[in-house]
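Trainee: I would like to learn how to read helix faces, helix packing and unusual backbone angles from a model. Could we go through them one at a time?

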Amino acid sequence: MSLIDLLSWDAFGSVWFWALVVVQWFWHGAYVLGMPVDCLQSKDAAQLSTIINWRAKRRLDAARATPLAGVAAISFSVSVIFILGFVYHIEFCAAASLLIVPELIVFRLGHHAAQSICANCERLEAAIKILKTLQLKIYTTGAMTIFFAGVFGYGFEVLQ
């Protein structure tokens, strides 16, 4: 197999797609709500509480500042890519939707966790528990995404 074959646009058979999947889920596994996972084991409770609250408030502020037209455009674009991929069987769009849709799910999970943290600002233990639960949900989302990418990739490669 030559280098040109490896760089092809056959999404599920391409090294590019699987490299993006690995990088995407490695990043999500290493960072929760924008914080390195290792920070959750910190012994400095005051500093950790400050960082967690700051990251949660920053996430909520960013979500509130997003214009409605931007949300509508992103929703429309993702819907079109998803329909082109799984209804009209365009392989590149199916692969793109398997990269984009989990990002939106992780963003929503992170937003919900940030809301929960801001509601319980004074309790560090509760915030750490919320972040660990978020990390587990992100791992589950990643495992399901990789499973579905493998199943749909196999289907696209074999059935076409």
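Trainee: Which exposed residues does the face of α3 turned away from its buried side carry?

Mentor: In this predicted model, the face of α3 turned away from the buried side carries the exposed residues Ala 46, Thr 50 and Ala 65. The buried residues of α3 are Leu 48, Ser 49, Ile 52, Asn 53, Arg 55, Ala 56 and Leu 60, and they cover an arc of only 160° around the axis, which puts them on the same side of α3. As for length, α3 has 21 residues and reaches 30 Å from its first C-alpha to its last, close to the 30 Å expected at 1.5 Å a residue.

Trainee: What span should helix α2 have, and which of its residues are buried?

Mentor: Helix α2 comprises the 16 residues 15–30, which at 1.5 Å a residue should span 22 Å, and its end C-alpha atoms are indeed 22 Å apart. Its buried residues are Phe 17, Val 21, Gln 24, Trp 25, His 28 and Gly 29; seen down the axis of α2, they fall within an arc of 130°, so they line one face of the helix. The face of α2 turned away from that buried side carries the exposed residues Trp 16, Val 22, Val 23, Phe 26 and Trp 27.

Trainee: How should the packing of two helices be described, and at what angle do α2 and α5 pack?

Mentor: Two packed helices are described by the angle between their axes together with the distance between those axes. Here α2 and α5 pack at an angle of about 10°, with their axes 10 Å apart, and they are therefore roughly parallel to each other. The contact is made by Phe 17, Leu 20, Val 21, Gln 24, Trp 25 and His 28 of α2, and by Ala 95, Leu 99, Pro 102, Glu 103 and Val 106 of α5. Among these α2 residues, Phe 17, Val 21, Gln 24, Trp 25 and His 28 also belong to the buried residues of the helix.

Trainee: At what angle do α3 and α5 pack, and which residues make the contact?

Mentor: Helix α3, residues 45–65, and helix α5, residues 91–119, pack at an angle of about 120°, with their axes 9 Å apart; α3 and α5 are therefore oblique to each other, and α3 passes α5 in a left-handed crossing. On the α3 side the contact is made by Ile 52, Asn 53, Ala 56, Lys 57, Arg 59, Leu 60 and Ala 63, and on the α5 side by Phe 107, Gly 110, His 111, Ala 114, Gln 115, Ile 117 and Cys 118.

Trainee: Is Ile 117 buried or exposed, and which residues does it touch?

Mentor: Ile 117, which is found in helix α5, counts as buried because its relative accessibility is 0%. Not counting residues up to four places away in sequence, Ile 117 touches Leu 33, Ile 52, Asn 53, Ala 56, Ala 127, Ile 130 and Leu 131. Ile 117 and Lys 57 are 60 residues apart in sequence, while their C-alpha atoms are 8.7 Å apart in space.

Trainee: How do the axes of α4 and α5 cross?

Mentor: The axes of helix α4, residues 68–86, and α5 come within 8 Å and cross at roughly 140°; α4 and α5 are therefore oblique to each other, and their crossing is left-handed. The contact is made by Val 78, Ile 81, Phe 82, Leu 84, Gly 85 and Phe 86 of α4, and by α5 residues including Cys 93, Ala 94, Ser 97, Val 101 and Leu 104.

Trainee: What is the phi of Leu 33, and where does that residue lie?

Mentor: Most residues other than glycine have a negative phi. Phi of Leu 33 is near 55°, a positive value in a residue other than glycine. Leu 33 lies in the loop between β1, residues 31–32, and β2, residues 35–36, and Leu 33 is buried, with a relative accessible area of 6%. His 89 likewise has a positive phi of about 55° although it is not a glycine, and His 89 lies in the loop between α4 and α5.

Trainee: How many helices and strands does the protein have, and in what order do the elements run?

Mentor: The protein has 6 helices and 2 strands, and from the N terminus on, its elements run α-α-β-β-α-α-α-α. Of its 160 residues, 33% count as buried, and among contacts with a separation of 6 or more, residues 24 or more positions apart account for 68%.

Methods: Residues numbered from 1 in each chain as written. Predicted model: local features only at pLDDT ≥ 70, side-chain atom pairs only at ≥ 80, totals over all residues. Heavy atoms only, no water. Helix = DSSP H or I, 4+ residues; strand = E, 2+ residues; numbered from the N terminus. Expected span 1.5 Å × (residues − 1). Buried < 20%, exposed > 50% of the residue type's maximum accessible area, 1.4 Å probe, protein only. Arc of directions from axis to C-beta. Axes fitted to C-alpha atoms, helices over the stretch in contact; angles between N-to-C directions. Parallel < 35°, antiparallel > 145°, perpendicular 65-115°, else oblique. Left-handed = near helix turned anticlockwise from the far one by under 90°. Contact = heavy atoms within 4.5 Å.
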